[in-house]
Amino acid sequence: PQEVTLWKIRAILKSMGLEEQIEQSFELLEEPNKTGAKYIWEYGTSIERQSQTVLFLQQVLKITEAQVNQIFITANNIFL
């Protein structure tokens, strides 16, 4: 999927034990990107696979394209 509901992505990342590392990584960004990334994370409703935020987190977390794709696929398949 090219776009997924953000709460689903956050649920997957929390289950992977990555949520705290992600939140800390936003401090590495310069303004205005830092504020923008935090707002996306805290208040966003969806996130695009090719967004700058996802690409930044992929680098910080040192995960592969395949791993990011799997996170998006898994998140997209959550139904509550």
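# Reasoning through a predicted fold

The chain has five helices and two strands, in a model that is predicted.

User: In what order do the helices and strands come along the sequence?

Analyst: Going along the sequence, you get β-α-α-α-β-α-α.

User: What makes this chain as compact as a globular protein of its length?

Analyst: Set two values side by side. The radius of gyration is 12 Å, and the globule rule gives 12 Å for 80 residues, so the chain is as compact as a globular protein of that length. If you'd like outer dimensions, the C-alpha atoms fill a box of roughly 35 × 25 × 20 Å along the principal axes. On contacts, take those with a separation of 6 or more: residues 24 or more positions apart account for 65% of them. As for burial, 38% of the 80 residues count as buried.

User: Why is the pair R10 and E19 called a salt bridge?

Analyst: The cut-off is 4 Å between a side-chain nitrogen of Lys or Arg and a carboxyl oxygen of Asp or Glu. In R10 and E19 the closest N and O atoms are 3.2 Å apart, which is within 4 Å, so the pair qualifies. Side chains of opposite charge can pair when their charged atoms come close.

User: Are R10 and E19 buried or exposed, and how do you know?

Analyst: They fall into separate classes. Buried means under 20% relative accessible area, and E19 has 17%, so E19 is buried. R10 has 22%, which lies between 20% and 50%, so R10 is partly exposed.

User: What makes E23 a salt-bridge partner of R10?

Analyst: The closest N and O atoms of E23 and R10 are 3.5 Å apart, and that is within 4 Å, so this pair counts too. The pair links distant parts of the chain, with E23 in helix α2 (residues 19-25) and R10 in helix α1 (residues 6-15), 13 residues apart. E23 has a relative accessible area of 36%, so E23 is partly exposed. Salt bridges with shared partners join R10, K14, E19 and E23 into one network.

User: How do you know that E27 and K34 form a salt bridge, and how many salt bridges are there by this rule?

Analyst: The side chains of E27 and K34 meet at 3.4 Å, N to O, so they pass the 4 Å cut-off. E27 is partly exposed, because its 44% relative accessible area lies between 20% and 50%. The count by this rule comes to six salt bridges.

User: How are α1 and α5 placed with respect to each other?

Analyst: Two packed helices are described by the angle between their axes and the distance between the axes. The axes of α1 and helix α5 (residues 65-76) come within 9 Å and cross at roughly 115 degrees. The crossing is right-handed.

User: Which residues of α1 and α5 meet?

Analyst: On the α1 side they are K8, I9, I12 and L13, and on the α5 side I71, F72, T74, A75 and N76. By class, this contact has six nonpolar, two polar and one charged residues.

User: Why is T53 called buried, while Q21 is called partly exposed?

Analyst: T53 has 12% relative accessibility, under the 20% cut-off, so T53 counts as buried. T53 sits in helix α4 (residues 52-61) and touches F26, I40 and I47, leaving out residues up to four places away in sequence. Q21, in helix α2, has 35%, which lies between 20% and 50%, so Q21 is partly exposed. Beyond its neighbours within four places in sequence, Q21 is in contact with V60 and L61. Q21 and E3 are 18 residues apart in sequence and 22 Å apart in space, C-alpha to C-alpha.

User: What stands out about the backbone at P32 and at K62?

Analyst: Most residues other than glycine have a negative phi, and most peptide bonds are trans. E31 and P32 are joined by a cis peptide bond, with omega about 5 degrees. P32 lies in the loop between α2 and α3 (33-43). K62 has a phi near 55 degrees, a positive value in a residue other than glycine.

User: Where is K62, and why is K62 called exposed?

Analyst: K62 is in the loop between α4 and α5. The cut-off for exposed is over 50%, and K62 has 73% relative accessibility, so K62 counts as exposed.

Notes: Residues are numbered from 1 along each chain as its sequence is written. This is a predicted model: local features need pLDDT of at least 70, side-chain atom pairs count only at pLDDT 80 or more; totals for chains, interfaces and linings use all residues. Side-chain values use heavy atoms; hydrogens and water are left out. Buried means under 20% relative accessible area, exposed over 50%, partly exposed in between (1.4 Å probe, protein chains only). Helices (H or I, at least four residues) and strands (E, at least two) are DSSP runs, numbered from the N terminus. Axes are lines fitted to C-alpha atoms, for helices over the stretch in contact, and angles run from 0 to 180 degrees between N-to-C directions. A crossing is left-handed if the near helix is turned anticlockwise from the far one by less than a right angle, and right-handed if clockwise. Contact means heavy atoms within 4.5 Å. Ala, Val, Leu, Ile, Met, Phe, Trp, Tyr, Cys and Pro count as nonpolar, Asp, Glu, Lys and Arg as charged, and the others, Gly among them, as polar. The radius of gyration is taken over C-alpha atoms; the globule rule is 2.2 Å times the number of residues to the power 0.38.
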